[in-house]
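Biologist: Please take one part of this model and go through it closely, in plain terms. I would like to know how the helices there pack, and how that part sits in the rest of the chain.

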Amino acid sequence: MKAATQQNSAVTTVPSSGLWDTLIRIGLIGALVALCLYVFSPFLHLMVWSIILAVTLYPLHQMLARRIGGKQGLASTILVILGIALIVVPTWLLMNSFADSVRGFVGAIQQNTLHIPPPREGVRNWPIIGKNVYDTWSQAVSDLPGLVQSLQPKIGDLARDALGIVASIGRSMLLFLASFVVANIVMAYGASAASSGRALFHRLATPTRGESLARLSIATIRAVALGVIGVAAIQSLLIGLALLFAGIPIAGIPAIVALILGIAQVPALIITLPVIIYIWASGDYSTGAAIMHTIILMLTGIADNVLKPLMLGRGVDVPMPVILLGALGGMATGGIEGMFVGATALALGYELFKNWLAAGTDSASVQ
């Protein structure tokens with residue numbers, strides 16, 4: 001009887017010890033994962049952007065590599081040089097030109113040498129804002145230093161906001177440049193990186209389903225890139241042509257700004273609305289011409305609202321509203337980076353949910 005009691009005690013002790021060992025292992029693994037995430041968190045945005053750029057540009061990288069004899073590293077180097085030449089240099093020149101213009105404008109105000117044409121009488125008749133605009137404009141013509149002095153607090157706040165925007169653009173450009181370089185390093189080892197990604201999906205799901213989920217993720221990222229960068233390029237081209245047709249000087253600079261704002265998902269109306277105001281206030285256009293240019297500029301300013309639904313879901317085996325909702329929801333919570341993550345996550349969730357429903361239907365039909 002005593003031996004049986006000891007045996008039962010040993011049986012109950014062994015599972016308890018095994019349970020505690022399992023819990024300790026789980027706790028240690030959880031602590032290690034949390035520590036790794038904490039250490040890796042400063043580079044999280046960099047790596048997410050690198051993956052997005054690598055997936056988007058990999059077909060271009062492979063096409064270039066085939067043309068130069070399959071040299072993957074050389075193809076990555078060429079893409080980095082082209083990226084710096086086509087993106088970083090024009091942006092730096094644009095910001096430098098903007099800074100010079102601001103310094104010249106401030107200097108002209110301080111020396112009271114800025115010439116402002118008087119407003120037309122028709123400005124007073126503009127609805128809601130006409131009288132205020134006319135009075136402020138007239139005061140700027142007659143006493144610009146006094147107007148600047150009266151607006152000094154607002155100008156200071158505006159200057160601080162402008163400096164914050166410039167600093168944010170600078171940080172974004174540095175992040176993009178670093179991500180672009182890392183993405184090209186990843187693409188130089190594209191075969192091993194692709195096999196590692198597929199192995200992860202195969203491990204998380206079955207090999208067949210993991211392969212389809214990997215293809216879906218790649219297609220979603222490329223579709224969102226086409227729907228963001230492609231739409232921004234098309235819209236900036238349309239805005240540039242509209243500005244040239246309206247006879248606006250240096251139409252290329254607003255078009256480049258519209259491209260940058262379009263990639264950042266800022267409405268292009270920020271560019272077209274001031275141009276429309278200039279057309280109506282300058283007095284150089286007849287009423288019919290002003291109406292025509294206003295309609296054209298308004299249409300080009302909202303063209304992205306039509307182009308995005310058409311281009312966001314191309315090449316993806318998921319309904320376009322799913323991609324669009326994921327992109328918009330991700331952008332609302334995480335900016336441009338969240339747009340890609342949100343669209344990919346919602347597409348994967350939709351596919352898994354659809355497979356789960358199909359598996360339930362098949363098991364019900366078998367029974």
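Modeller: What follows starts with the whole chain, turns to the packing around helix α11, and then visits some single residues and ring pairs.

The model is predicted, not determined by experiment. The protein chain has 13 helices and zero strands, and read along the sequence its pattern is α-α-α-α-α-α-α-α-α-α-α-α-α. Of the 367 residues in the protein chain, 30% are buried. The chain exposes about 22800 Å², and carbon and sulfur atoms supply 72% of that area. If we take contacts between residues at least 6 apart in sequence, 65% of them join residues at least 24 apart.

Now to helix α11. Two packed helices are described by the angle between their axes and the distance between the axes. Helix α11 covers residues 287-301, and helix α10 covers residues 269-282. Their axes come within 9 Å and cross at roughly 175°. An angle over 145 degrees counts as roughly antiparallel, and α10 and α11 are therefore roughly antiparallel to each other. On the α10 side, the residues in contact are Leu-269, Thr-272, Leu-273, Val-275, Ile-276, Ile-279 and Trp-280. They meet Thr-287, Ala-290, Ile-291, His-293, Thr-294, Leu-297, Met-298, Thr-300 and Gly-301 in α11. Sorted by class, this contact of α10 with α11 has 10 nonpolar and six polar residues, and no charged ones.

Helix α11 also packs with helix α8. The axes of α8 and α11 are 9 Å apart, at an angle of about 170°. That angle makes α8 roughly antiparallel to α11. From α8, the contact takes in Gln-235, Leu-238, Ile-239, Ala-242, Leu-243 and Phe-245. From α11, the residues they meet are Met-292, His-293, Ile-296, Leu-297, Thr-300 and Gly-301. By class there are eight nonpolar, four polar and no charged residues in the contact of α8 with α11. His-293, Leu-297, Thr-300 and Gly-301 of α11 are named in the contact with α10 and also in the contact with α8.

What lies along the chain from α8 towards α10? Ile-250 is in the loop between α8 and α9, the latter being residues 252-263. With a relative accessible area of 65%, Ile-250 is exposed. Its C-alpha atom is separated by 9.6 Å from that of Gly-240, 10 residues apart along the chain. Leu-261 has its place in helix α9. Leaving out residues up to four places away in sequence, Leu-261 touches Val-266, Ile-270 and Ile-271. Leu-261 and Ile-271 are 10 residues apart in sequence, and 9.2 Å apart from C-alpha to C-alpha.

Helix α8, residues 207-245, also holds Leu-213. Leu-213 has a relative accessible area of 8% and is buried. Apart from its neighbours within four places in sequence, Leu-213 is in contact with Phe-201, Ala-205, Leu-348, Glu-351 and Leu-352. Leu-213 and Leu-352 are 139 residues apart along the chain, yet their C-alpha atoms are separated by 8.7 Å.

The ring pairs come next. A pair of aromatic rings is described by the distance of the centres and the angle of the planes. The structure holds two such pairs. Trp-49 and Phe-340 form an edge-to-face pair, with 5.8 Å from centre to centre and 70° between the planes. This pair links distant parts of the chain, since Trp-49 is in helix α2 (residues 44-67) and Phe-340 is in helix α13 (residues 320-366), 291 residues apart. Both Trp-49 and Phe-340 are buried. The rings of Phe-353 and Trp-356 have centres 5.9 Å apart and planes at 35°, so that pair is tilted. Phe-353 and Trp-356 both lie in helix α13, three residues apart, which is about one turn of the helix. Phe-353, at 46% relative accessibility, counts as partly exposed, whereas Trp-356, at 58%, counts as exposed.

One more residue sits in another helix. Asn-184 is in helix α6, residues 152-188. At 1% relative accessibility, Asn-184 counts as buried. Not counting residues up to four places away in sequence, Asn-184 touches Ser-76, Leu-79 and Val-80.

Note on methods
Residues numbered from 1 in each chain as written. Predicted model: local features only at pLDDT ≥ 70, side-chain atom pairs only at ≥ 80, totals over all residues. Heavy atoms only, no water. Axes fitted to C-alpha atoms, helices over the stretch in contact; angles between N-to-C directions. Helix = DSSP H or I, 4+ residues; strand = E, 2+ residues; numbered from the N terminus. Parallel < 35°, antiparallel > 145°, perpendicular 65-115°, else oblique. Contact = heavy atoms within 4.5 Å. Nonpolar A, V, L, I, M, F, W, Y, C, P; charged D, E, K, R; others polar. Buried < 20%, exposed > 50% of the residue type's maximum accessible area, 1.4 Å probe, protein only. Phe/Tyr/Trp six-rings, centres within 6.5 Å; stacked < 30°, edge-to-face > 60°. Areas by Shrake-Rupley, 256 points an atom, 1.4 Å probe, with all protein chains shown as cover.
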